[in-house]
Amino acid sequence: MKLYAYIGFNGNCEEALNFYKDAFDGEITQLGRYGESPMKTPEEIKDKIIHGRVQFGDAMLMASDRMNEKQFNRSGDISLSAQCETTDQLEKIFSKMSEGGKVTMPLQDQFWGAKFGMLTDKFGVHWMFNCENKK
């Protein structure tokens, strides 16, 4: 079994997927628009994303734009956690992901034997980044 995050956006899903693709050095593997679906769709959202995926390594993020602003709600206490292989990878991704966002805990060595930091990206998504210290 695998568990993937699915993130909802308020009209800027395509921008977010491109941001994540660049930050994680990934690839957008699907980008479907509401106007391509068989369902009845209001004209103003036909170009918005009904389903998108960005793949990086064994990980994947899925996302879509909500059909209307009333459906969009970023509340809750959920963070996405990225486990990096090297501190270079950690620092590179953390730097890119913090652009336009807010670092809530800078990268620093932690008592559990890892370098760790947290941020909220420019789309309001909460992230945690961790890299275990090599022995």
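Strands here are DSSP runs of E with at least two residues, numbered from the N terminus. With that in hand, hello everyone, and let me start with one residue: Met60 is found in strand β4. Please keep in mind that we are looking at a predicted model.

Before coming back to Met60, here is the overall layout. The protein chain has 2 helices and 8 strands. If you walk along the sequence, you meet them as β-α-β-β-β-β-α-β-β-β. Along the principal axes, the C-alpha atoms fill a box of roughly 55 × 30 × 25 Å. The chain has 135 residues, and buried ones make up 35% of them. Taking contacts between residues at least 6 apart in sequence, 52% join residues at least 24 apart.

A word on the surface and the charges. The accessible surface comes to about 8,400 Å², and carbon and sulfur atoms account for 49% of that. There are 17 positive and 20 negative charges, and their mean positions are 3 Å apart.

Now for the largest pocket. About 630 Å³ of space lies in this pocket. Its lining has 23 residues, and the closest to its centre are Phe56, Ala59, Met60, Ser81 and Ala82. So which elements give two or more residues to that lining? They are β4 (59–65), β5 (79–83) and α2 (87–98). β5 gives the most, with 4 residues.

That brings us back to Met60, one of the residues closest to the pocket centre. Is Met60 buried or exposed? Buried means under 20% relative accessible area, and Met60 counts as buried because its relative accessibility is 11%. As for neighbours, leaving aside residues up to four places away in sequence, Met60 touches Tyr4, Ala5, Arg53, Val54 and Gln55. Pro106, on the other hand, lies 46 residues from Met60 along the chain, and the C-alpha atoms of the two are separated by 25 Å.

Let me finish with a residue for those of you who like backbone angles. Asp25 has a phi near 55°, a positive value in a residue other than glycine. Where does Asp25 sit? Asp25 is in the loop between α1 (13–23) and β2 (27–33). The cut-off for exposed is over 50% relative accessible area, so Asp25, with 64%, is exposed.

To recap our two residues: Met60 is buried, whereas Asp25 is exposed. Thanks for listening, and I am happy to take questions.

Technical notes:
Residues are numbered from 1 along each chain as its sequence is written. This is a predicted model: local features need pLDDT of at least 70, side-chain atom pairs count only at pLDDT 80 or more; totals for chains, interfaces and linings use all residues. Side-chain values use heavy atoms; hydrogens and water are left out. Buried means under 20% relative accessible area, exposed over 50%, partly exposed in between (1.4 Å probe, protein chains only). Contact means heavy atoms within 4.5 Å. Accessible areas come from the Shrake-Rupley method with a 1.4 Å probe; for residues, only the protein chains shown count as cover. Lys and Arg count as positive and Asp and Glu as negative; His and the chain ends are not counted. The place of a charge is taken as NZ of Lys, CZ of Arg, CG of Asp or CD of Glu. On a 1 Å grid over the protein atoms alone, a cavity is a set of points where a 1.4 Å probe fits but cannot get out, and a pocket is an open set with protein on both sides within 12 Å along at least five of seven lines; lining residues have an atom within 4 Å of a point. Grid points are joined across faces, edges and corners, and a volume is the space filled by probe spheres set on the points.
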